[in-house]
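User: I am in my first year and would like to learn how to read a protein model step by step. Could we go through this one with questions and answers?

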Amino acid sequence: MPHLFKDHPASVGESYLEHMGVAFAFGARLLAAAVACFVHGLLPFLFTKTGSNAVKRLHREMIVGRSAQHRSEGNDGRHWVN
């Protein structure tokens, strides 16, 4: 059972607590982007690029950058798609 808490974080080169911190940080940024999108839906002249910029930035950090780092460490990067 403890492996359930350690396997995935280890597959991305993090401890459980490091992974939790990274996940919480990404989640907070996603929540902020979601709020901006809802506001934009009501007031389309506000936050015209906030949501799309957040998605692009998060994708670069979470998928592109981290998988490149993972591959450079000798891994194949398959875990980053999960």
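User: How many helices and how many strands does the secondary structure of the protein chain come to?
Analyst: This is a predicted model, and what follows is computed from its atoms. Read along the sequence, the chain follows the pattern α-α-α. Its secondary structure therefore contains helices without any strand, since a strand is a DSSP run of the type E with at least two residues, and the count comes to 3 helices and 0 strands.

User: What percentage of the residues of the protein chain count as buried?
Analyst: A residue is called buried when its relative accessible area is under 20%. The accessible surface of the whole chain comes to about 6,100 Å², and carbon and sulfur atoms hold 68% of that surface. Among the 82 residues of the chain, the share that counts as buried is 20%.

User: Which share of the contacts with a separation of 6 or more comes from residues 24 or more positions apart?
Analyst: To answer this, one takes the contacts in the protein chain whose partners have a separation of 6 or more, and then asks what part of them joins residues 24 or more positions apart. That part is 40%.

User: Is the aromatic pair stacked or edge-to-face?
Analyst: The count of aromatic pairs comes to 1. The rings of F5 and Y16 have centres 5.8 Å apart and planes at 75°, and because an angle over 60 degrees is the criterion, the pair is edge-to-face.

User: Which parts of the chain does the pair of F5 and Y16 tie together?
Analyst: F5 is partly exposed, with a relative accessible area of 47%, and Y16 is also partly exposed, at 41%. F5 belongs to helix 1, which covers residues 3-11, while Y16 belongs to helix 2, which covers residues 16-42. The two residues are 11 residues apart in sequence, so the parts that the pair ties together are helix 1 and helix 2.

User: Which residues make the nonpolar surface patch?
Analyst: The patch has an area of about 610 Å², and helix 1 and helix 2 each supply at least two of its residues. F5, which lies in helix 1, takes part in the patch. The full list is M1, L4, F5, Y16 and L17.

User: Which residue forms a salt bridge with R29?
Analyst: The count of salt bridges comes to 1, and in this pair the closest N and O atoms are 2.9 Å apart. R29 lies in helix 2 and its partner lies in helix 3, residues 50-72, so the salt bridge ties together parts that are 32 residues apart in sequence. R29 is partly exposed, with a relative accessible area of 31%, and the partner is partly exposed as well, at 33%. The partner is E61.

User: Is E14 buried or exposed?
Analyst: E14 is found in the loop between helix 1 and helix 2, and its side chain makes a polar contact of 2.6 Å with the side chain of H19, a residue of helix 2. Leaving aside residues up to four places away in sequence, H19 touches H8, P9, V12 and E14. The relative accessible area of E14 is 14%, and because the cut-off is under 20%, E14 is buried.

User: What is the value of phi of F47, near which angle does it lie?
Analyst: F47 sits in the loop between helix 2 and helix 3, where it is partly exposed, with a relative accessible area of 42%. Its phi is positive, although F47 is a residue other than glycine, and the value is near 50°.

User: What distance separates the C-alpha atoms of V55 and L30?
Analyst: V55 has its place in helix 3 and counts as exposed, at 54% relative accessibility. V55 and L30 are 25 residues apart along the chain, and their C-alpha atoms are separated by 8.1 Å.

User: How far apart in space are A34 and T50, C-alpha to C-alpha?
Analyst: A34 lies in helix 2 and is partly exposed, with a relative accessible area of 30%. In sequence, A34 and T50 are 16 residues apart, and in space, from C-alpha to C-alpha, they are apart by 9.3 Å.

Terms used
Residues numbered from 1 in each chain as written. Predicted model: local features only at pLDDT ≥ 70, side-chain atom pairs only at ≥ 80, totals over all residues. Heavy atoms only, no water. Helix = DSSP H or I, 4+ residues; strand = E, 2+ residues; numbered from the N terminus. Buried < 20%, exposed > 50% of the residue type's maximum accessible area, 1.4 Å probe, protein only. Contact = heavy atoms within 4.5 Å. Areas by Shrake-Rupley, 256 points an atom, 1.4 Å probe, with all protein chains shown as cover. Phe/Tyr/Trp six-rings, centres within 6.5 Å; stacked < 30°, edge-to-face > 60°. Patch = residues over 30% accessible without salt bridge, like charges linked within 9 Å, V, L, I, M, F, W, Y side chains within 5 Å. Salt bridge = Lys/Arg side-chain N within 4 Å of Asp/Glu carboxyl O. Polar contact = N/O pair within 3.5 Å; in protein donor to acceptor, adjacent residues only side chain to side chain.
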